[in-house]
Amino acid sequence: MTDKQLDCALDLMRRLPPQHIEKNLCNLIDLIPDLTADLLSTVDQPLKIARDSIEGKDFLLCDYNRDGDSYRSPWSNTYFPPFEDGTVLSDKLRQLEVDCNDAFDRYREMYFEGGVSSVYLWDLDNGFAGVIAIKKAGSGGGKQKISASWDSIHVIEVTERPNARNAHYKLTSTIMLWFMTERDVSGEMNLGGSLTRQSENDWPLSDYNSHVGNIGRTVEALENSMRRLLNEVYFDLTMHFANTLR
């Protein structure tokens with residue numbers, strides 16, 4: 001019965017507005033407290049932004065950089081608020097994390113022209129894993145009030161083969177997108193949803209730093225594919241229905 005309840009709960013969450021995920025998740029947990037751990041670990045929630053007071057940069061909060069009630073900044077490798085027993089990366093992986101953050105900071109500026117990005121890595125037995133998180137939110141005033149948000153969470157698992165010249169990259173990407181407009185003539189329109197896709201690739205590995213480029217092209221390819229699909233599903237279909245009703 002619990003598995004069926006979990007499937008129904010996840011199916012419901014996929015159909016509810018992404019801007020109200022936290023509220024709807026709390027309501028579900030109140031209804032089915034036995035599923036609290038499963039729901040919290042399975043349902044992706046909109047990213048939140050915090051400030052690294054040491055480096056003077058914003059970073060994103062998620063389960064992947066949390067220890068207790070503290071979150072690790074990828075810029076200074078420091079927990080906010082301070083946490084003494086937090087996860088410590090090996091020097092080699094920490095340097096790769098720094099390089100990935102620099103690369104995806106440029107990626108974010110190129111594709112989103114703003115927003116915040118953060119990359120967090122952690123060690124595995126046969127390689128490493130990580131998350132690339134990007135968030136952009138904004139609003140506009142004037143006669144046509146507009147507010148919108150984009151959250152993309154890319155979880156990647158990298159398997160390194162001994163004495164091999166390539167590595168295996170498994171990527172699971174989730175995008176949550178919503179926007180709302182309000183006009184005196186047409187009233188309020190609210191459009192949003194989420195999409196999850198996976199991809200697996202083998203890329204050549206000349207040295208350890210080659211992971212940066214390999215992860216970058218893997219994320220870029222899948223995110224561009226999902227962006228085109230979101231455009232077709234949400235925007236093109238909405239325009240089609242609106243034009244049909246006129």
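**Notebook: pockets, a hairpin and aromatic rings**

I began with the second largest pocket, which has 17 lining residues; Arg14, Asp44, Thr174, Ser194 and Thr196 lie nearest its centre. I note here that the model is a predicted one.

Next I asked which elements give two or more residues to this lining. They are helix H1 (2-15), S9 and strand S10 (187-204). S10 has the largest share, with five residues. I then looked up the volume of the second largest pocket and found about 330 Å³. I sorted its lining by residue type as well. Nine residues are nonpolar, five are polar and three are charged.

**The largest pocket**

I turned to the largest pocket and read a volume of about 560 Å³. Its lining has 21 residues, and Leu40, Val43, Gln45, Cys62 and Asp63 are the closest to the centre. Helix H3 (36-42), strand S8 (145-160) and strand S9 (166-183) each give two or more residues to this lining. Which element gives the most? I found that H3 does, with three residues. By type, I have ten nonpolar, six polar and five charged residues in the lining of the largest pocket. I noted S9 in this lining, and I had already noted S9 in the lining of the second largest pocket.

**The hairpin**

I moved on to strands S1 (residues 48-52) and S2 (residues 57-61). Do they run parallel or antiparallel? They run antiparallel, and five bridges join them. I followed one bridge from Lys48 and reached its partner in S2, Leu61. Four residues lie between the two strands of this hairpin. In the hairpin, Gly56 takes a positive phi near 70°.

I kept one general point beside this entry. In a regular strand, side chains alternate between the two faces of the sheet.

**Aromatic rings**

How many aromatic pairs does the structure hold? I found seven. I took Phe104 and Tyr107 to start. Their ring centres are 5.5 Å apart and their planes stand at 65°, over the 60 degrees needed, so I logged the pair as edge-to-face. Both residues lie in helix H4 (residues 91-112), three residues apart, which is about one turn of the helix.

I then checked whether these two are buried or exposed. Phe104 has a relative accessible area of 2%, so it is buried, the cut-off being under 20%. Tyr107, at 8%, is buried too.

From Tyr107 I went on to Tyr111. The ring centres of Tyr107 and Tyr111 are 4.8 Å apart, with the planes at 45°. I logged this pair as tilted because its angle falls between 30 and 60 degrees. Tyr107 and Tyr111 are four residues apart in helix H4, again about one helical turn. Tyr111 has 30% relative accessibility, so I entered it as partly exposed. I closed this entry with the cluster: ring pairs link Phe104, Tyr107 and Tyr111.

**Charges over rings**

Last, I looked for charged side chains over ring faces. Which residue lies over the face of Trp75? I found Lys57 there, at 4.3 Å from the ring centre. Lys57 brought me back to the hairpin, as S2 spans residues 57-61. I also wrote down Arg217, which lies over the face of Trp203. Its distance from the ring centre is 4.9 Å.

Key: Residues numbered from 1 in each chain as written. Predicted model: local features only at pLDDT ≥ 70, side-chain atom pairs only at ≥ 80, totals over all residues. Heavy atoms only, no water. Pairing = 2+ DSSP bridges. 1 Å grid on protein atoms, 1.4 Å probe; cavity = no way out; pocket = protein on both sides within 12 Å on 5 of 7 lines; lining within 4 Å. Points joined across faces, edges and corners; volume = space filled by probe spheres on them. Nonpolar A, V, L, I, M, F, W, Y, C, P; charged D, E, K, R; others polar. Phe/Tyr/Trp six-rings, centres within 6.5 Å; stacked < 30°, edge-to-face > 60°. Buried < 20%, exposed > 50% of the residue type's maximum accessible area, 1.4 Å probe, protein only. Lys NZ or Arg CZ within 6 Å of the ring centre and 35° of its normal.
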